[in-house]
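Student: I am new to this structure and would like a close look at one part of it, namely how the helices pack against one another and where empty space is left beside them. Please go slowly and connect the steps.

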Amino acid sequence: MKKLTWKHLSFVLMLAILVLLPFVNDSRTLIILLTQIFIFGILAMSYDILLGYTGIVSFGHAMFFGIGAYTTAVMLKQVDTTLSIFLLSIVIGMFLAGFVSFLVGLLTLRLKSHFFAMLTLAFSGLFLVVAEKWRSITYGNDGFTFRAPEIFKDRITFYFFVLACLVVIFIALYRFVQSPTGRILIAVRENEQRTKSLGFHTLHYKVIASIVAGTVASLAGSLYALSLRFVNTSVMTMDITLDALLMTIIGGVGTLVGPLLGAAVIEYAQHALSGLARDYPIFERWIIFFGILYILAVLFFPKGIIGSIRLIVWKWKWRGKHKEKRKTPSALSHEKERFE
């Protein structure tokens, strides 16, 4: 109960800080940066449902992100720029992404490891080609601009809207992974064959995880398109999937909070390094330093930031208990295996 209370207090405190921040610091750059962190945090959490809780590595997650982005952009450009049309575009985008993820899941989730990953990459490439060739709607690689609803022309209003979406998605996904279905997904991740032997049809549960991840990624795509007021085929490229993958790994897989932290680290690092490039020529190739940052994060935080913090806390608690009662090496090994 104390642990749950501490988590709730931390959540409320962080939310209060984010709500009050625009009234304390009205920097346009900071508001835009935090908005981008929230959007990619939603995307990273959706990928964590696949990688962290189900053990699925997908290279095609960008197609769901792109479906949401293009649905919102096309509807705002060709239908109307009202708030109701924007909200309707989010719903339609999530429905389309859920339907596509259902079909792709049925076709690909029977495969194992790298075979599944390569096939999802192929499907993502197919959607990318469609976006490039269907120029009458998507305008190809050139993309197109569109107007945002009047209410979102104020960046602070859009900031609060994206923050509200982040909170709702976080709570919904947290309840999902704590549900019986979420527990079965974790069992699939740990040992799919044993889960099958218990009578569970693992394919059904993996398809459910794929649908949940796809619909949430579509929401992130819709918000991303509106934040830029522009969309092109870059929303369906491999870079988007790799960003989601790295955010999840750096923050800590299977935590939900980890992907949010990973999104904050990566987005801030990109912003800081690109800013340094304007003053110091050595940082003009800032992507190299960005790659070094990834390598250092993986070397020093192999379990991700949240996973490493949990390991440190576990060691600290064990040392406190060890002073009271010495434990045998076998008991310590068993406890460590339970943690991992």
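Tutor: A crossing of two helices is called left-handed if the near helix is turned anticlockwise from the far one by less than a right angle. Please keep in mind that this is a predicted model.

With that term in hand, begin with α2 and helix α10 (residues 202-228), whose axes lie 8 Å apart and make an angle of about 165°. Angles over 145 degrees count as roughly antiparallel, and α2 and α10 are therefore roughly antiparallel to each other. Their crossing is left-handed. On the α2 side the residues that meet α10 are Gln-36, Ile-39, Phe-40, Ile-42, Leu-43, Ser-46, Ile-49 and Leu-50, while α10 brings Ala-209, Ser-210, Ala-213, Val-216, Ala-217, Ala-220, Leu-223, Tyr-224 and Ser-227. Sorted by class, this contact holds 13 nonpolar and 4 polar residues, with no charged ones.

Now stay with α2 and turn to another of its neighbours. Helix α2 (residues 28-51) and helix α11 (residues 238-251) have axes that come within 8 Å and cross at roughly 75°, and the two helices are therefore roughly perpendicular to each other. From α2 the contact takes Phe-40, Leu-43, Ala-44, Tyr-47, Asp-48 and Leu-51, and from α11 it takes Ile-240, Thr-241, Ala-244, Leu-245, Met-247, Thr-248 and Ile-249. The classes here are 10 nonpolar, 2 polar and 1 charged. Phe-40 and Leu-43 deserve a second look, since they belong to the contact of α2 with α11 and also to the contact of α2 with α10.

Following α10 instead leads to helix α8 (residues 180-190), where the axes come within 10 Å and cross at roughly 110°. α8 and α10 are therefore roughly perpendicular to each other, and α8 passes α10 in a left-handed crossing. Thr-181, Ile-184, Leu-185 and Val-188 of α8 make this contact with Thr-202, Tyr-205, Lys-206, Ile-208 and Ala-209 of α10, and the classes are 6 nonpolar, 2 polar and 1 charged. Ala-209 thus links two parts of the picture, as it takes part in the contact with α8 and in the contact with α2.

The residue after it in the list of α10 contacts, Ser-210, leads on to the empty space. Rolling a probe the size of a water molecule over the atoms shows where such space is left. The count comes to 1 cavity of 30 Å³ or more, and the largest cavity has a volume of about 90 Å³. Of the 13 residues that line it, Ser-58, Phe-64, Phe-116, Thr-120 and Ser-210 lie nearest its centre. At least two lining residues come from each of α3, α4 (83-108) and α5, and α4 supplies the largest share, 3 residues. The lining divides into 7 nonpolar and 6 polar residues, and no charged ones.

The last space to consider is the second largest pocket, which holds about 300 Å³. Among its 13 lining residues, Ile-67, Tyr-70, Trp-134, Thr-138 and Met-236 are the closest to its centre. Two or more lining residues come from each of α3 (62-78), α5 (113-133) and α6 (135-138), with α3 giving the most, 5 residues. By class, this lining has 10 nonpolar, 3 polar and no charged residues.

Terms used:
Residues numbered from 1 in each chain as written. Predicted model: local features only at pLDDT ≥ 70, side-chain atom pairs only at ≥ 80, totals over all residues. Heavy atoms only, no water. 1 Å grid on protein atoms, 1.4 Å probe; cavity = no way out; pocket = protein on both sides within 12 Å on 5 of 7 lines; lining within 4 Å. Points joined across faces, edges and corners; volume = space filled by probe spheres on them. Helix = DSSP H or I, 4+ residues; strand = E, 2+ residues; numbered from the N terminus. Nonpolar A, V, L, I, M, F, W, Y, C, P; charged D, E, K, R; others polar. Axes fitted to C-alpha atoms, helices over the stretch in contact; angles between N-to-C directions. Parallel < 35°, antiparallel > 145°, perpendicular 65-115°, else oblique. Contact = heavy atoms within 4.5 Å.
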